[in-house]
Amino acid sequence: MAAKALIVIDMLNAYEHEDAERLLPSVRQVLPHITELIERARKNEVEVIYVNDNFGLWRSHHDELLDTVLSGPHADLVEPVRPDGKSLFVVKARHSAFFETPLEYLLRQHGIDTIVLCGQVTEQCVLYSALDAHIRHIQVIVAEDACAHIHQDLADAALRMMERNMQARIVRSADADVF
């Protein structure tokens, strides 16, 4: 059986960007599925890796970032998915979880060849992370009901692209074989 990791993308978020109002309803809808995936991964001893923008705060680390978003107006969207003491954390500066980050190295060090993606945004960071995983020969599973979107039509197209062009498995978060 393949070694898997759950990649939680950009969920430590203050929602202080131009698309926030369009994104927030989708985040609220998928949050229970993300929370459930994180709980299942931890229960099954699957590595949980948070990959998150640093919002231009190059001195930031995960505790500082977490403190910032938990003191903001949308802490209710962060608290349920808060990293625990065993979670791994990778800071990213662009859309892909892999672009100029140590994620690929971390996955190889842990013998992980399959990643389960969840978080935000389906048509942006999830899509680009899936593409970069695919070109690195890492198997991709996308929990579609655990990925928030800004534009539903673009999210639908992105999921089709991931499935068709990147051989990603598109699943529901409750599917038994995710972990």
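1. Does Asp145 count as buried or exposed? In this predicted model, Asp145 counts as buried, because its relative accessibility is 10% and the cut-off for burial is under 20%. Its salt-bridge partner is Arg172, and the N to O distance between the two side chains is 3.7 Å. Arg172, by contrast, is partly exposed, with a relative accessible area of 43%. Asp145 belongs to strand β5 and Arg172 to the segment after β6 (169-171), so the pair ties together parts of the chain that are 27 residues apart in sequence.

2. A salt bridge also joins the side chains of Asp10 and Lys92, with 3.0 Å from N to O. This pair links distant parts of the chain, since Asp10 sits in the loop between β1 and α1 while Lys92 sits in strand β3 (residues 88-92), 82 residues apart. Asp10 counts as buried at 5% relative accessibility, and Lys92 counts as buried at 1%.

3. The salt bridge between Glu79 and Arg82 has its closest N and O atoms 3.1 Å apart. Here Glu79 counts as partly exposed at 41% relative accessibility, and Arg82 is likewise partly exposed, with a relative accessible area of 35%.

4. Over the whole structure, the search finds 11 salt bridges. Glu104, Arg108, Asp132 and Arg136 are joined into one network by salt bridges that share partners. As general background, side chains of opposite charge can pair when their charged atoms come close.

5. Turning to the nonpolar residues, the largest core has 30 of them, and those with the most contacts inside this core are Leu6, Val8, Met11, Tyr15, Ile34, Leu37 and Phe179. The elements that give two or more residues to the core are the helix α1 (20-43) together with β1 (4-9), β2 (47-53), β4 (114-120) and β5 (139-148). Of these contributions, the largest share comes from α1, with 10 residues.

6. Leu6 illustrates how these contacts are distributed: leaving aside residues up to four places away in sequence, Leu6 touches Leu37, Ile38, Ala41, Val46, Glu47, Val48, Ile49, Val116, Cys118 and Phe179. A second core, separate from the largest one, has 28 residues, among them Val51, Ala97, Leu103 and Met162.

Definitions and conventions: Residues are numbered from 1 along each chain as its sequence is written. This is a predicted model: local features need pLDDT of at least 70, side-chain atom pairs count only at pLDDT 80 or more; totals for chains, interfaces and linings use all residues. Side-chain values use heavy atoms; hydrogens and water are left out. A nonpolar core is a set of buried Ala, Val, Leu, Ile, Met, Phe, Trp, Tyr and Cys residues joined through side-chain atoms within 4.5 Å. Buried means under 20% relative accessible area, exposed over 50%, partly exposed in between (1.4 Å probe, protein chains only). Helices (H or I, at least four residues) and strands (E, at least two) are DSSP runs, numbered from the N terminus. Contact means heavy atoms within 4.5 Å. A salt bridge is a side-chain nitrogen of Lys or Arg within 4 Å of a carboxyl oxygen of Asp or Glu.
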